[in-house]
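Grab a pencil and work through the exercises below, one step at a time. Try each task yourself before you read its solution.

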Amino acid sequence: MDTVPERRPTETLDLVSRVVVLRRRGAPHVTVLAAQDQAWTSLHHEPHRDVRGTLTWVLRAIASDDRDDARLDAALRVVARDLRRPPSPGPAR
């Protein structure tokens, strides 16, 4: 019996977007770190290679305290667009 819940297609995008929002709102550092950890875990199961690459960049930018909100917003828009296409071939990590 499979006990792993089915992933939503936007699960990783939703989690990474939450990290961005928490950081922008000035949430406590520990809260942002916990959200990042959850997003990284989901990212390892992301089947869409292009989405995985872009969201990896977003999480690394946040981890390095990149405050260029325009670039982060653009990257999230690219991911939303990529999710509307079929996944690129390549195994999930």
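A residue counts as buried when its relative accessible area is under 20%, as exposed when it is over 50%, and as partly exposed in between. Keep that rule at hand, and remember that the model you are looking at is predicted.

**Exercise 1. The overall plan**

Task: Work out how many helices and strands the chain has, and in which order its elements run.

Solution:
- Step 1. Count the elements: the chain has four helices and zero strands.
- Step 2. Read them off from the N terminus, and you get α-α-α-α.
- Step 3. Now look at burial: of the 93 residues in the chain, 34% are buried.
- Step 4. Finally, take contacts between residues at least 6 apart in sequence; 67% of these join residues at least 24 apart.

**Exercise 2. A closer look at helix H3**

Task: Compare the span of helix H3 with the expected one, then find what its buried residues pack against.

Solution:
- Step 1. Helix H3 covers residues 49-63, which is 15 residues.
- Step 2. The expected span is 1.5 Å times one less than the number of residues. For H3 this gives 21 Å, and the reach from first C-alpha to last, 21 Å, is close to that.
- Step 3. List the buried residues of H3: Val-51, Arg-52, Thr-54, Leu-55, Thr-56, Val-58, Leu-59, Ala-61 and Ile-62.
- Step 4. Their packing partners are helix H1 (11-24), helix H2 (29-43) and helix H4 (69-83).
- Step 5. See what follows the helix: Asp-65 comes after H3, in the loop between H3 and H4. Asp-65 is not a glycine, yet its phi is positive, about 65 degrees. With 45% relative accessibility, Asp-65 is partly exposed.

**Exercise 3. How two helices cross**

Task: Decide whether H2 and H3 are roughly parallel or roughly antiparallel.

Solution:
- Step 1. Find the angle: the axes of H2 and H3 cross at roughly 160 degrees and come within 11 Å.
- Step 2. Apply the cut-off: angles over 145 degrees count as roughly antiparallel. H2 and H3 are therefore roughly antiparallel to each other.
- Step 3. Add the handedness: the crossing of H2 and H3 is left-handed.
- Step 4. Name the residues in contact. H2 contributes Gln-36, Ala-39, Trp-40 and Leu-43, while H3 contributes Arg-52, Leu-55, Thr-56, Leu-59, Arg-60, Ile-62 and Ala-63.

**Exercise 4. Two buried residues**

Task: Classify Gln-36 and Leu-15 as buried or exposed, and list what each one touches.

Solution:
- Step 1. Gln-36 lies in helix H2. Its relative accessible area is 8%, so Gln-36 is buried.
- Step 2. Leaving out residues up to four places away in sequence, Gln-36 touches Val-19, Leu-59, Ile-62 and Ala-63.
- Step 3. Leu-15 is in helix H1. Its relative accessible area is 17%, so Leu-15 is buried.
- Step 4. With residues up to four places away again left out, Leu-15 touches Gln-38, Ala-39 and Ser-42.
- Step 5. Leu-15 and Gln-36 are 21 residues apart in sequence, and their C-alpha atoms are 8.0 Å apart in space.

**Exercise 5. Salt bridges**

Task: Find which residues pair with Arg-8, Arg-24 and Asp-50 in salt bridges.

Solution:
- Step 1. Recall the idea: side chains of opposite charge can pair when their charged atoms come close. The cut-off here is a side-chain nitrogen of Lys or Arg within 4 Å of a carboxyl oxygen of Asp or Glu. By this rule there are ten salt bridges.
- Step 2. Arg-8 pairs with Asp-14, with the closest N and O atoms 2.6 Å apart. Arg-8 is partly exposed at 45% relative accessible area, and Asp-14 is partly exposed at 34%.
- Step 3. Arg-24 pairs with Asp-73, at 2.6 Å from N to O. This pair links distant parts of the chain, since Arg-24 is in helix H1 and Asp-73 in helix H4, 49 residues apart. Arg-24 has a relative accessible area of 37% and Asp-73 one of 28%, so Arg-24 and Asp-73 are partly exposed.
- Step 4. Asp-50 pairs with Arg-85, with the closest N and O atoms 3.3 Å apart. Here too distant parts of the chain are linked: Asp-50 is in helix H3 and Arg-85 in the segment after H4, 35 residues apart.
- Step 5. Look for a network: salt bridges link Arg-23, Arg-24, Asp-69 and Asp-73.

Key: Residues are numbered from 1 along each chain as its sequence is written. This is a predicted model: local features need pLDDT of at least 70, side-chain atom pairs count only at pLDDT 80 or more; totals for chains, interfaces and linings use all residues. Side-chain values use heavy atoms; hydrogens and water are left out. Buried means under 20% relative accessible area, exposed over 50%, partly exposed in between (1.4 Å probe, protein chains only). Contact means heavy atoms within 4.5 Å. Axes are lines fitted to C-alpha atoms, for helices over the stretch in contact, and angles run from 0 to 180 degrees between N-to-C directions. Angles under 35 degrees count as roughly parallel, over 145 as roughly antiparallel, 65 to 115 as roughly perpendicular and the rest as oblique. A crossing is left-handed if the near helix is turned anticlockwise from the far one by less than a right angle, and right-handed if clockwise.
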